[in-house]
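Hi everyone, thanks for making time today. I'd like to walk you through a structure that is new to most of us, so let's bring it up on the screen.

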Amino acid sequence: MSAPAKSVLNESKQIERAAMLIQMGARMQVLESETTLSYERLIRLYKEIAGKSPSKGQLPFSTDWFLTWQENIHSSLFLNIYEYLSKGVDADPVEVLTKAYRLYTEQVTASQLDCLLSFTRAWRLVKFVDANMLTRIKCSKCGGMFVSELYENARHFECGLCNPPARAGKSKSAGALMLH
Ligand SMILES: [Zn+2]
């Protein structure tokens with residue numbers, strides 16, 4: 001294949017990928033990181049597909065969000081699905097991410113809970129894990145895998161379901177996690 005034909009093909013792939021990410025609700029940071037398209041190009045695509053300008057502002061760079069109680073349970077659910085799907089051969093990371101995110105939302109919606117984890121957060125979580133800033137740890141009580149900091153003591157770790165904070169499950173808001 002000639003070089004120009006190749007680059008046209010690659011570009012259409014990039015557009016397809018960007019479109020898929022925009023439909024998932026990805027923010028500009030995700031699009032810039034996961035495609036080779038220019039910023040201006042991405043803005044135009046975003047407006048065309050989402051029907052509005054992308055929201056400005058950076059995402060927080062802290063790992064804290066993923067470690068708070070309910071958020072941690074949602075993050076862990078997503079990451080477990082992601083890790084499971086990543087075991088497939090030659091899986092494209094962006095495809096695994098979108099597939100895992102869809103499964104996460106399906107599972108959460110089926111349980112009549114709100115999807116606390118946005119697509120962009122899910123992407124950020126995978127980046128944190130890749131960068132060894134977060135990992136998964138096995139709960140010493142239930143055996144489930146949960147998102148945690150790297151230096152958590154695995155022998156004594158108890159997840160947010162086995163050992164919820166005192167205020168947990170008191171929320172009356174619909175879609176919040178309740179403990180029975
Ligand atoms: Zn547990």
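**A helix and a cysteine site**

Let's begin with Val94, which is partly exposed because 18 other C-beta atoms lie within 10 Å, under the 20 that a buried residue needs. Please keep in mind that this is a predicted model.

Where does Val94 sit? You'll find Val94 in helix H5, which covers residues 93–110. Leaving aside residues up to four places away in sequence, Val94 touches Arg17 and Glu34. To get a feeling for distance, look across to Tyr151: it is 57 residues from Val94 along the chain, and their C-alpha atoms are 28 Å apart.

Now let's look at H5 as a whole. H5 is built from 18 residues and reaches 26 Å from its first C-alpha to its last, close to the 26 Å expected at 1.5 Å a residue. Which residues of H5 are buried? They are Leu97, Thr98, Ala100, Tyr101 and Tyr104. If you look down the axis of H5, the buried residues fall within an arc of 165 degrees, so they line one face of the helix. What covers them includes helix H1 (3–24), helix H4 (69–86) and helix H6 (119–130). Turn to the face that points away from the buried side of H5, and there you meet the exposed residues Glu106 and Ala110. Just after H5 comes Gln112, with a positive phi of about 60 degrees.

Let's move on to the cysteines. An unreviewed UniProt entry places the feature "binding site" at Cys139, Cys142, Cys159 and Cys162. These four span 24 residues in sequence, yet no two of their C-alpha atoms are more than 8.3 Å apart, so they gather at one spot.

I've picked two of them for a closer look. Cys139 is in the loop between strand E1 (135–138) and strand E2 (145–148), while Cys159 belongs to the segment after E2. Buried or exposed, what do we find for Cys159? Cys159 is buried, because 23 other C-beta atoms lie within 10 Å. Cys139 has 19 such neighbours within 10 Å and is therefore partly exposed.

Their contacts, again without residues up to four places away in sequence, bring the site together nicely on screen. Cys139 touches Gly144, Phe146, Phe157, Glu158, Cys159 and Cys162. Cys159, for its part, touches Cys139, Cys142, Gly144 and Phe146.

That's my tour, and thanks for listening!

Methods:
Residues are numbered from 1 along each chain as its sequence is written. This is a predicted model: local features need pLDDT of at least 70, side-chain atom pairs count only at pLDDT 80 or more; totals for chains, interfaces and linings use all residues. Helices (H or I, at least four residues) and strands (E, at least two) are DSSP runs, numbered from the N terminus. A residue is buried if 20 or more other C-beta atoms lie within 10 Å of its own, exposed if 12 or fewer, and partly exposed in between; C-beta atoms are placed from the backbone. Two residues are in contact if their C-beta atoms, placed from the backbone, lie within 7 Å. UniProt positions are given in the numbering used here, feature names are shortened, and annotations may be inferred rather than shown by experiment. The expected span of a helix is 1.5 Å times one less than its number of residues. The arc is that of the directions from the helix axis to the C-beta atoms.
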